[in-house]
Amino acid sequence: MLLKGKKALVTGSSRGIGKEVVKRFLQEDCSVWGVCSKLSASKEELETVAKEYGSSFVELYGNATDNESWTSVIKEAMNQSGGFDILVNNAGITKDTLSFRMKIEDWSNVIQVNLTSAFLACQIVSGDMIKKRSGSIINMSSIVGIHGQAGQTNYAASKAGLIGLTKSLAKETGSRGVRVNAIAPGFIQTDMTDVLPEALKQSMIEGVPMKRVGVVTDVANAAVFLASDLSTYITGQVLGVDGGMGC
Ligand SMILES: NC(=O)c1ccc[n+]([C@@H]2O[C@H](COP(=O)([O-])OP(=O)(O)OC[C@H]3O[C@@H](n4cnc5c(N)ncnc54)[C@H](OP(=O)(O)O)[C@@H]3O)[C@@H](O)[C@H]2O)c1
C-alpha cells in the first residue's frame, strides 16, 4: 500500500482523470476528500471502492469559477481532515476557439478554473504541510502547456501557468519538506476529449509515438508515484504522460 495512512485532497474528482486518481489513491489505502461542482454520478462508486479497501471517501462541493465558494470548500476539507499529505489540483475546463474570436470571458474563465483555483488550494493547503515538514502537491498541467495548441490560447496559458506555479512553489517549499510537481498528460480519453471531432482524434493518435490514446489509469498511476514515498527526491518537475508525444 503506497499511500497507507495518508490523506489526500483531489479537485475535479467527479469524472475522468480526477475520478481515477481518487480510485487509485483509495486502493493504496489513502483517505480522500474529492471536490467537484455538484453531486456526482461517481460518488457511490467511489464510496464502495473506499469500503472495499478499508479507506474513506468524502465528496464536497465548490465552484472553481468563484473564489469565495472555492476557498470555502477547500477550508471545509481542511477542517474535516485536519490537514492533507497530498493535494492534486486537477479541476479543469476548455473553451476552445481561435484567439481572434475568443471572448474575454472565455479567456478569464479558463484561467480562473485551471490556474487560479489551483493557486488558492495550494495557498490554503501548503501552510499546514510546511508546518508538518511534509507533503506532496501535484498540479494537472498538459502537454499543451509546454508546446501550445492552435485554438487553445486560454487553455495553454493556464497550463503553462501551472508549470510556473509548480516550479516556483517547489523552490519556496523544498527546504520545508514539501514537494510540488506537475503532470503533463497528452491525449487521454475522457469527457473533455470525447467532444473532439473523430478526424481530429485520429490525426492526434497518428502523432503519438505509441499510436494509442492514453487512458485515465496511465495518469492516475503517475499521480500515485508522485504522491508516494517512491518520489521523495523529486520536486519542481513536469512528468509527461503522453505516449511519447512530447519527446
Ligand atoms: N483529457 C485529456 O486529454 C487531458 C490532457 C491534458 C490535461 N488534462 C487535464 O486533466 C484534468 C482533468 O481532465 P479530464 O479530461 O478528466 O476532464 P473532465 O472529464 O472534463 O473532468 C473535469 C473535472 O473538473 C471539474 N470541474 C470543472 N469545472 C469545475 C468548476 N467550475 N468547479 C469545480 N470543479 C470543476 C469537473 O467537476 P464537475 O463534474 O462538477 O463539473 C470534473 O470533475 C484537467 O485539468 C485537464 O485540463 C486532460
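How many aromatic pairs does the structure hold? The structure, a predicted model in which local features need pLDDT of at least 70 and side-chain atom pairs count only at pLDDT 80 or more, holds 1 aromatic pair (ring centres of Phe, Tyr or Trp, the last by its six-membered ring, within 6.5 Å). Residues are numbered from 1 along each chain as its sequence is written, and side-chain values use heavy atoms, with hydrogens and water left out.

The pair is formed by Trp-33 and Phe-84, with 5.6 Å centre to centre and 75° between the planes, and is edge-to-face (planes over 60 degrees apart). Distant parts of the chain are linked by this pair: Trp-33 lies in strand β2 (residues 31-36), whereas Phe-84 lies in the loop between α3 (67-81) and β4 (86-89), 51 residues apart. Both elements are DSSP runs, with at least four residues (H or I) for a helix and at least two (E) for a strand. Trp-33 is buried (under 20% relative accessible area, 1.4 Å probe, protein chains only), at 9%; Phe-84 is likewise buried, with a relative accessible area of 0%.

Helix α1 (residues 16-27) packs against helix α9 (residues 216-227) at an angle of about 50°, and their axes, lines fitted to C-alpha atoms over the stretch in contact, are 8 Å apart. α1 is therefore oblique to α9 (35 to 65 or 115 to 145 degrees). Residues in contact (heavy atoms within 4.5 Å) include Ile-17, Val-21 and Phe-25 of α1 and Val-216, Ala-220 and Val-224 of α9. By class, this contact of α1 with α9 has 9 nonpolar, 3 polar and 2 charged residues.

Key. Phe/Tyr/Trp six-rings, centres within 6.5 Å; stacked < 30°, edge-to-face > 60°. Buried < 20%, exposed > 50% of the residue type's maximum accessible area, 1.4 Å probe, protein only. Axes fitted to C-alpha atoms, helices over the stretch in contact; angles between N-to-C directions. Nonpolar A, V, L, I, M, F, W, Y, C, P; charged D, E, K, R; others polar.
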